[in-house]
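Trainee: I'm new to this one, and I'd like a close look at a single part. Could you walk me through the second pocket by size and the helices around it?

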Amino acid sequence: MGEAKRTGVVLSGYGPVGRAYVEHLARHGDGLARLHGVRPVVRAVRAGSGQWLPADDGQPVPPRAAWSAPEPLETTLDRTGASVFVQALPSSPELRPLAAQEAVTALRRGVHVVTATKSHLLTHWTDLAAAARAGRSMIRISGATGAALPAGDLSRTGLRGMGCRTIRACPGGTVTFVLDRLAEGDSLDDAVREARRRGIAEADPSADLSGADAATKVRLLAALTWGWDPATVRVRAEAVDAGTAAAALDAAARSRRLRAVAGASLDRPLLVDVRLEETGPGDPLYALDGPEKAVVFGCPEAGDVTVSGGRSSPLGAALAMVKDTVGVTADRTGFH
């Protein structure tokens, strides 16, 4: 492999995921260059009301008090010559317009977008696709579809021509961990508290327990697999609450495990269901342990395709973004 290509990156969002992304590139840039022929280099970090542009490649990010006022994204992209725009903004309704606007701006200018932010993918999917076509650019969303779990890659390309007709998923580690603790006799409050202590659950786990997070991820997987527009997908979700403990204990008494299963099917277009479902031995979702995740793609002729594992953490999401950054910039000839 020849000399590695240096790829300029502009990062939007500098919370736990954004910091983990920057730190991983700083520590493992040499390895990425050696293995993949590309060295992503952070040329700007944007967050809130500030922006930082390093004077030299590899300069550590200073405290925010040392950042300057932000400039229009177009200006930052021009100044840095970046070819990848990475989004690690929180998936909140308040930041959705900004996330959508910046992603569309980058894509139309021919800059690839890598995002772990989910909110604008649900509402602006067609706008993002149109902007990518106009700019002949790519958008990759692995960090939004299960962190380090590579389900998005399977949905996007790995299942082409395989006749996938169904998706069954436990795509979030928090709710699986909580259900297993309920089956051991914990109360819901104790199970959530332990999940937080271990760094599995966020401070507010309501999106996980309500089924909203699992539904979001399956909406995105269905969009990649079948071309559904996530904005048109209906969601029916059964929540995990204090009353779920009895059902989890009852399932365990019969050597079964309760799972919050998010499902979609070509036979039920534009619908995602999240149901509390008993699973038994032989089901990949039964085999999940603690915070593990899995997605089962039902392909009647090829056979089910299952992907499981992957770290649920800021580092897991950051690694997914690193993978996507390399994927949109690395050499595509030969076996690559």
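Mentor: Here is a walk through that pocket, then the helix contact beside it, and then two other spots for context. Keep in mind that this is a predicted model.

Start with the second largest pocket, which has a volume of about 380 Å³. Its lining comes to 19 residues, and those lying nearest the centre are Trp125, Ile139, Arg140, Arg156 and Leu224. If you'd rather think in elements, two or more lining residues come from each of helix 5 (125–135), strand 6 (139–140), helix 6 (151–158) and helix 10. Helix 5 is the top contributor, giving 5 residues to the lining. As for chemistry, the lining of this pocket splits into 9 nonpolar, 4 polar and 6 charged residues.

Now take two of those elements, helix 6 and helix 10, and look at how they sit against each other. Their axes come within 7 Å and cross at roughly 20 degrees. That angle is under the 35-degree cut-off, so helix 6 counts as roughly parallel to helix 10. The crossing of helix 6 past helix 10 is right-handed. On the helix 6 side, the contact uses Ala151, Gly152, Ser155 and Arg156, while helix 10 brings Leu221, Leu224 and Thr225. By class, that contact has 3 nonpolar, 3 polar and 1 charged residue. Two names should ring a bell here: Arg156 and Leu224 belong to this contact, and both are also listed among the residues nearest the centre of the pocket.

Helix 10 turns up again elsewhere. The structure holds 1 cavity of 30 Å³ or more, and about 40 Å³ of space lies in the largest cavity. Helix 9 (206–210) and helix 10 (212–226) each supply at least two residues of its lining. The residues lining the cavity are Gly172, Val175, Ala207, Asp208, Gly211, Asp213, Ala214 and Ala260. They divide into 4 nonpolar, 2 polar and 2 charged.

For a second helix pair to set beside the one above, try helix 7 (residues 173–183) and helix 8 (residues 188–197), whose axes come within 9 Å and cross at roughly 135 degrees. These two helices are therefore oblique to each other. Here too the crossing is right-handed. Helix 7 puts Phe177, Val178, Arg181 and Leu182 into the contact, where they meet Leu188, Ala191, Val192, Glu194 and Ala195 of helix 8. That contact has 7 nonpolar, no polar and 2 charged residues.

Note on methods: Residues numbered from 1 in each chain as written. Predicted model: local features only at pLDDT ≥ 70, side-chain atom pairs only at ≥ 80, totals over all residues. Heavy atoms only, no water. 1 Å grid on protein atoms, 1.4 Å probe; cavity = no way out; pocket = protein on both sides within 12 Å on 5 of 7 lines; lining within 4 Å. Points joined across faces, edges and corners; volume = space filled by probe spheres on them. Helix = DSSP H or I, 4+ residues; strand = E, 2+ residues; numbered from the N terminus. Nonpolar A, V, L, I, M, F, W, Y, C, P; charged D, E, K, R; others polar. Axes fitted to C-alpha atoms, helices over the stretch in contact; angles between N-to-C directions. Parallel < 35°, antiparallel > 145°, perpendicular 65-115°, else oblique. Left-handed = near helix turned anticlockwise from the far one by under 90°. Contact = heavy atoms within 4.5 Å.
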